[in-house]
Amino acid sequence: MFCNYLTVILVFVLLAAKMTWIENGLAAAITLAIAVAAIFTVSIALGRFALVAGIWLRIASSNKTIDRIAPFALLGLPDITPSSRL
């Protein structure tokens, strides 16, 4: 259950940094603290962190290589399809 809260907080921190509500250094420090706390939970929900990171890289990246690779990480999910930007 605690991992769910950490995942939501991670998304909020990434969004706040993207919208420049907080500085990137503060966002990095909070993200590191969340990652350390998540490691100590030893929970099955740790996979959500990887999912959030992959989706965030897909949304926030301007790198064409990530744009080509990231949709394949979402193929196993039921209602999510890759973007037509390829």
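**View 1. The exposed side of helix α2 in the predicted model.** In this predicted model, the residues G25, L32 and I39 of helix α2 are exposed, and they sit on the other side of the helix from its buried residues. Those buried residues are A27, I34 and A38. Seen down the axis of α2, the buried residues fall within an arc of 35°, so they line one face of the helix. Which helices are included in what covers this buried face of α2? The cover includes α1, which runs over residues 2-18, and α3, which runs over residues 47-60.

**View 2. The length of helix α2.** Helix α2 takes in residues 24-39, which makes 16 residues. How far apart are the end C-alpha atoms of this helix, and what span should its residues give? At 1.5 Å a residue, the expected span is 22 Å, and because the end C-alpha atoms are 22 Å apart in the model, the two values agree.

**View 3. T7, a buried residue of helix α1.** The residue T7 has its place in helix α1. Is T7 buried or exposed? With a relative accessible area of 9%, T7 falls under the 20% limit that is used for buried residues, and therefore T7 counts as buried. When residues up to four places away in sequence are not counted, T7 touches R48, F49 and V52.

**View 4. V8 and a nonpolar patch on the surface.** V8 also lies in helix α1. The relative accessibility of V8 is 42%, and because partly exposed residues lie between the limits of 20% and 50%, V8 counts as partly exposed. Together with V11, F12 and L15, the residue V8 makes a nonpolar surface patch of about 330 Å².

**View 5. The chain around these close-ups.** The chain has 4 helices and 0 strands, and when it is read along the sequence it follows the pattern α-α-α-α. What percentage of the 86 residues in the chain is buried? Buried residues make up 23% of them. The chain exposes about 6,300 Å², and carbon and sulfur atoms supply 71% of that area. If one takes the contacts between residues at least 6 apart in sequence, 54% of these contacts join residues at least 24 apart.

Key:
Residues numbered from 1 in each chain as written. Predicted model: local features only at pLDDT ≥ 70, side-chain atom pairs only at ≥ 80, totals over all residues. Heavy atoms only, no water. Helix = DSSP H or I, 4+ residues; strand = E, 2+ residues; numbered from the N terminus. Expected span 1.5 Å × (residues − 1). Buried < 20%, exposed > 50% of the residue type's maximum accessible area, 1.4 Å probe, protein only. Arc of directions from axis to C-beta. Contact = heavy atoms within 4.5 Å. Patch = residues over 30% accessible without salt bridge, like charges linked within 9 Å, V, L, I, M, F, W, Y side chains within 5 Å. Areas by Shrake-Rupley, 256 points an atom, 1.4 Å probe, with all protein chains shown as cover. Salt bridge = Lys/Arg side-chain N within 4 Å of Asp/Glu carboxyl O.
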